[in-house]
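The exercises below ask you to work through strand pairing, helix packing and residue contacts, one step at a time. Each task is followed by a worked solution.

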Amino acid sequence: MIEFTGNGRCVLHSPTAMPQASGFLWNPQMLIQMNCRGYAVAQFMQPEPAKYTSGPMLEAKTFMQPEQPYYAHNPGRFFYVKDEHSGTVFSAPYEPVRAPVEQYRFFHEAHRIGWKIQADGLELELELTLANDRAAELWTITLTNPADSPRSLSLYPYFPVGYRSWMNQSGYFDPEHQAMICKAVTPYQKVQDYFANRHLKDWTCLLAETSPQAWEARQQHFEGEGGLHGPGGLQQQQLDKGEALYELPAAILQYRLKLAAGQSQRFRFVFAPVRDDQELAGLRKHFFGGQEDGFRRSADAYRVAMQQQQGCIRLNGPQPDFDQFVNHWLGRQLYYHGDVNRLTTDPQTRNYLQDNMGMAYLQPLRCREALITALSQQKRSGEMPDGILLHPEAELKYINQVPHADHCVWLPICLQAYLDETDDYALLDQKLSFADSEEPMSVANHLQLAMEWLLKARDHRGLSLIHQGDWCDPMNMVGYQGKGVSAWLTLASAYAFRLWADICLASDRAEQARHWQNQATELNKAANQWFWADNWYARGITDQGRLFGTAQDREGQIYLNPQSWAMLSGAADSSRLQSVQAAIEEKLMTPFGPMMLAPAYTAMVEDVGRLTQKFPGTAENGSVYNHAVMFYIHALYQQGLAEQAFELLKKMLPSETDWQQRGQFPVFIPNYYRGAWHQYPQRAGRSSQLFNTGTVSWYYRCVTEGLLGLRGCRQGLRVNPQLPAHWSQVRAIRHFRGARINVEIQRQATEKQQLYLDGVHVSGDCICGLQSGTEYQLKVILPGATGHD
Ligand code: CEZ
């Protein structure tokens, strides 16, 4: 049903087996998630994210929620095809007609999404790609008549635009630009919004390369009594060339064509948000005007841009599907996060830092810039803001107006990854000002202040106050009265102190290193004293002084995060480590990975918060929340538990046996799979379909530094692969500080690991003196011949 067919191309063979299957394309101005049946969710930046198509009801602004089902009038891109003689109608890719197809292939590559369909004796190729330099979808449809006799057909692109304004909405065909124009006025009430809104691109346009014979702008008129499955408009010989006057507009065109036996015809369209006539004229000229094929040029430039982003690792191991995912899709998803910050102008600080941590492995300079941007918005007190503003007019919105206590934690975490990868310790001496003070201070001092802030933000017991949330956004009522504390944050602070101490040590700041090491020890001690509850770590203590996340609770007995971070911070000694791992296996494990908590809450708990109101097994309420799973995997690699770590890496990816249960096209990692494994086993494993997730930077890091064990340090590249036992051999290319290292790892009957660089034995586990611009051969012999794979 699903296959990788080389170069990462992923193909799905059915429109019904996984109806939510989707892929996504982005450029710096826009993003589109395109579903295999034709539904689409798209947004663009102006500079705040905005939509240019909507459903038929006025929608509230919110984050993307692709897990919910699509409905017939959902925004999408559809092509009806009618046989003029028989009257038979089908639609591509599949909706809205849902007519059976003879053959169906939905495919995704880095730079495009497409379909190859055979229906009603015709062949149809459909391709979506993006313009390289602006918000514009580029659509190509090719119709072929493979039969021996000619066919008379009508092709109807149907691009609904939806309900976009209660103030003013209309649509018409503009013959001069060969475009359907759907206009709206973004609704507002405050006078100052007029001045902000007047620059918005409120038109949605479908530009056609070829002039249509007819068109329709009135969505309901087109639909008629037949509904979208069999629109009235299609029963006419020709559409009515209607205009939408304060009626739901849609861009609908009609091409009447005759295809001789074996003949093909290609149509191309640009679908884009537009501000005015002038911009529309510019678009037409850019894509379809002039001598050169602007459409092709733009699509080619986009392809090149999308294919160029290369990660630091290329894997060639015993599991080809795993290689394909890591080499083609993981790096791509990672790049998406670092490139456009989930298409927001105020990314949450923790997301911004972790997404850019991933950039350390793709484009380290951008990780550096992100650290500088974030630290320049730090307060002089050391506190980090809830979101990082990426645009002069950007404001902290939605979740960023809720105070979360964890943002400082992510600074040394991101910094460590960057420094390991680049050895750019000069960054620590760079001087930066603050959000509320011009006084320049070195990056090292900024970090120092951030760590001191974490130290201060604790209660009399030395435990970290949670306020209205930590890493867990919706855990908003544990400490909203100012007293509740978080076990996770206490442990995460200890981990942050440890990492900062390591960085201090590596940069001749021995005294500071000692100080932070001691503080980490203190925090760990406090965590062990207050949060250890029989067999695992609790999740926190509420404003009322209730320890929660323990066996005493009916629901939410055990949370994954405190366990993983007690491993990372060093709080858990070896007996607690064993106990914690056993508890995770017993209480949290599912075939799709460990749940974030269990049992999932079934009713509101007023001293925990809105997390308990989410449906059991979804999101933070006990799903397999992949970001949290990655922390656990990272902790497992840190402990040298290679077997379990790899097993969980694999469980995060759909496999042949569970594609249908997950319901997701395996071209990205979703933010969660449903959990509540014991409560709702039937739905467990189902994907959220949301590709925005802090998971990917950690996944990439774990493959590079954990699984392959190729991690930078001050001296060079430390080599310590942690292959699963059944892997006897793997090859990889590691790009590192400008050098290219061709790595071959092999198991042999040897006592301990041995390294050979260009054939010469290296003592110890560190490759030093690597030169930028040079290619090396590194052979790693690992103990333990297996005979497998
Ligand atoms: O968002 C994520 C956040 O972007 O939830 C994570 C958090 O660490 C990330 O920074 C865990 O809480 O508001 C909510 O209830 C949701 O929980 C969202 O904030 C959540 C969704 O996955 C949307 O991206």
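**Exercise 1.** In which sense do strand β35 and strand β36 pair, and over how many bridges?

*Solution.* Keep in mind from the start that this is a predicted model, in which the protein chain averages a pLDDT of 97 and 99% of the residues score at least 70; the model itself scores ipTM 0.95 and pTM 0.97.

Step 1. Strand β35, covering residues 710-712, and strand β36, covering residues 716-719, pair in the antiparallel sense over three bridges.

Step 2. For the register, take Leu-710, which stands opposite Val-719 in β36.

Step 3. The connection between β35 and β36 is a hairpin that runs through three residues.

Step 4. Strand β36 also has three bridges to strand β41 (residues 766-768), and these two strands run antiparallel; here the bridge partner of Arg-718 is Cys-766 in β41.

**Exercise 2.** For the open sheet of five strands, determine what the strand order is and which strands stand at the edges.

*Solution.* Step 1. The five strands follow the order β8-β7-β13-β19-β17, and their pairing is antiparallel.

Step 2. The edges are occupied by β8 (89-92) and β17 (214-218), each of which has a single partner strand, so one side of each is left without a neighbour in the sheet.

Step 3. From one strand to the next, the twist averages 20°.

Step 4. At the β17 edge, the pairing with strand β19 (residues 249-259) is antiparallel and extends over four bridges, with Arg-218 standing opposite Pro-249 in β19.

**Exercise 3.** Describe how helix α7 is placed against helix α8, giving the angle between the axes and the residues that make the contact.

*Solution.* Step 1. Two packed helices are described by the angle between their axes together with the distance between the axes.

Step 2. The axes of α7 (residues 364-376) and α8 (residues 410-422) come within 10 Å and cross at roughly 150°. Because angles over 145 degrees count as roughly antiparallel, α7 is roughly antiparallel to α8.

Step 3. The crossing in which α7 passes α8 is left-handed.

Step 4. On the α7 side the contact is made by Pro-364, Cys-367, Arg-368, Leu-371 and Leu-375, and on the α8 side by Leu-411, Cys-414, Leu-415, Tyr-418 and Thr-422. Sorted by character, these residues divide into eight nonpolar, one polar and one charged.

**Exercise 4.** Carry out the analysis for α8 and helix α9, and state which residues make their contact.

*Solution.* Step 1. The axes of α8 and α9 (residues 443-456) come within 9 Å and cross at roughly 140°; α8 and α9 are therefore oblique to each other.

Step 2. The contact is made by Leu-411, Pro-412 and Leu-415 of α8, together with Leu-447, Ala-450 and Met-451 of α9.

Step 3. The residues of this contact divide into six nonpolar, no polar and no charged.

**Exercise 5.** Locate Arg-112 in its strand, and list which residues Arg-112 is in contact with, leaving aside its neighbours within four places in sequence.

*Solution.* Step 1. Arg-112 is found in strand β10, which comprises residues 112-119.

Step 2. With those sequence neighbours left aside, Arg-112 is in contact with Arg-9, Leu-25, Phe-107, Glu-127, Leu-128 and Thr-129.

Step 3. As a further distance, consider Gln-189, which is 77 residues apart from Arg-112 along the chain: the C-alpha atoms of Arg-112 and Gln-189 are separated by 40 Å.

Key: Residues are numbered from 1 along each chain as its sequence is written. This is a predicted model: local features need pLDDT of at least 70, side-chain atom pairs count only at pLDDT 80 or more; totals for chains, interfaces and linings use all residues. Side-chain values use heavy atoms; hydrogens and water are left out. Axes are lines fitted to C-alpha atoms, for helices over the stretch in contact, and angles run from 0 to 180 degrees between N-to-C directions. Angles under 35 degrees count as roughly parallel, over 145 as roughly antiparallel, 65 to 115 as roughly perpendicular and the rest as oblique. A crossing is left-handed if the near helix is turned anticlockwise from the far one by less than a right angle, and right-handed if clockwise. Contact means heavy atoms within 4.5 Å. Ala, Val, Leu, Ile, Met, Phe, Trp, Tyr, Cys and Pro count as nonpolar, Asp, Glu, Lys and Arg as charged, and the others, Gly among them, as polar. Two strands pair if DSSP finds at least two bridges between them. pLDDT is the predictor's confidence in each residue, from 0 to 100.
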